[in-house]
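Reader: Please take me through the sheets and helices of this model, and say what each term stands for as you go.

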Amino acid sequence: MSDTILSIRGLRKAYASGTEALKAVDLDIRRGEIFALLGPNGAGKTTLISIVCGIVTATAGTVLVDGKDHAADYRHARQRIGLVPQELTTDAFETVWTTTRFSRGLYGKPRDDAKLETLLRRLSLWDKRDTKMMELSGGMKRRVMIAKALSHEPALLFLDEPSAGVDVELRRDMWDLVRQLRNDGTTIILTTHYIEEAEEMADRVGVIARGELIAVEEKASLMARLGKKTLKVILNEPLTAIPPELGEWQVTTEDEGRTLAYSFDSHAERTGIAGLMRRLGELGIGYKDLSTDQSSLEDIFVSLVHDGATNAGAVA
């Protein structure tokens, strides 16, 4: 069995208006991982998963689900994919139990009430099984959507903005649930614009902007490769202006001149810190404390998207 459960090559989506929603996306998803597709609204996240799930037709490119073309062998693909969309679309008058059982039947799976009971218990929905959908809170409806998507036992689960409209406590519950699903062997792809969601849960992160996949990395290595560190120098006396002799380090001031901030690459052979500290001594600028901060995934994301926009502008 291949370690790759989903393989995407040259995937494009262009509309008659000329808008390109996706631009030649290549992506492989490993079996059993949590992959976060991170990007601002309108970046192409939902378009990408809608194509893979057979909801939208691609302009070009191929998608292999468990080794088979998802268009040529769509039944194979549908059976292996579960989708929890952003919109909470269910029959308001149906019960949780009926909704979930009907969804399992749609995929040709034989009736198995024991399996569905186990699923609803894991999602904390068993006590609500006879409750009509319209009587549930938004968070509970989201759980039912997950139950529907898992009812036919897919190997690959797509969560499109799973925390949208969910309060912080429910968001944490959702994260715990996703980790449980991964531990059970389900491969999970989630789209999000919540940086903390990707940082909290993902094994790997893909960053998409304006239809282009601009980075795919292990979460830790993405942060290590692109994450800058910032040296903070707490001064004895505030500076009213940055001396020109510090120009080569491109330092900035914070806290009304009481702190000097210097960004550097922690993996570089020479960080420039020794030279900076030496120069501060030569200038008679005393300090009482030093600290360093690592960039968060949010800093990296903003940097990547900004660089992508700059490069796009240069090409244009």
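The questions below go from the sheets to the helices and then to one loop residue.

Reader: What kind of model is this, and how are the residues numbered?

Author: This is a predicted model, in which local features need pLDDT of at least 70, side-chain atom pairs count only at pLDDT 80 or more, and totals for chains, interfaces and linings use all residues. Side-chain values use heavy atoms, with hydrogens and water left out, and residues are numbered from 1 along each chain as its sequence is written.

Reader: In what order do the four strands of the open sheet lie?

Author: Helices (H or I, at least four residues) and strands (E, at least two) are DSSP runs, numbered from the N terminus. Two strands pair if DSSP finds at least two bridges between them. In this open sheet the pairing is antiparallel, and the order of the four strands is β2-β1-β4-β5.

Reader: Why is one side of β2 and of β5 left without a neighbour in the sheet?

Author: Strands of a sheet pair through backbone hydrogen bonds, either parallel or antiparallel. β2 (20-30) and β5 (68-69) each have one side without a neighbour because each stands at an edge, with a single partner strand.

Reader: Which residue in β2 stands opposite Thr-4?

Author: Strand β1 (residues 4-14) and β2 run antiparallel and are joined by seven bridges. Opposite Thr-4, the residue in β2 is Arg-30.

Reader: Which strands are at the edges of the six-stranded sheet?

Author: The six strands form an open sheet with mixed pairing, in the order β6-β7-β8-β3-β9-β10. Two of these strands pair on one side only, and they are β6 (81-84) and β10 (212-218).

Reader: Is β3 mostly covered, and how many of its residues are buried?

Author: Buried means under 20% relative accessible area, exposed over 50%, and partly exposed in between (1.4 Å probe, protein chains only). In a regular strand the side chains alternate between the two faces of the sheet. Both faces of β3 are covered, with Ile-34, Ala-36 and Leu-38 on one side and Phe-35 and Leu-37 on the other. For strand β3 (residues 34-38), which is mostly covered, the buried count is five of five.

Reader: Which residue in β9 stands opposite Leu-38?

Author: β3 is joined to strand β8 (residues 187-192) by five bridges, running parallel, and there the bridge partner of Leu-38 is Thr-192. With strand β9 (residues 204-209), β3 pairs in the parallel sense over four bridges. The residue in β9 opposite Leu-38 is Val-207.

Reader: At what angle do α3 and α4 cross?

Author: Axes are lines fitted to C-alpha atoms, for helices over the stretch in contact, and angles run from 0 to 180 degrees between N-to-C directions. The axes of α3 (residues 96-106) and α4 (residues 113-122) come within 11 Å, and they cross at roughly 125°.

Reader: Which class does that angle put the helix pair in?

Author: Angles under 35 degrees count as roughly parallel, over 145 as roughly antiparallel, 65 to 115 as roughly perpendicular, and the rest as oblique. The crossing angle therefore makes α3, relative to α4, oblique.

Reader: Which residues is Thr-131 in contact with, leaving aside its neighbours within four places in sequence?

Author: Thr-131 lies in the loop between α4 and α5 (138-150). Thr-131 is buried, with a relative accessible area of 18%. Contact means heavy atoms within 4.5 Å. Leaving aside those neighbours, the residues in contact with Thr-131 are Glu-94, Thr-95, Val-96 and Leu-136.
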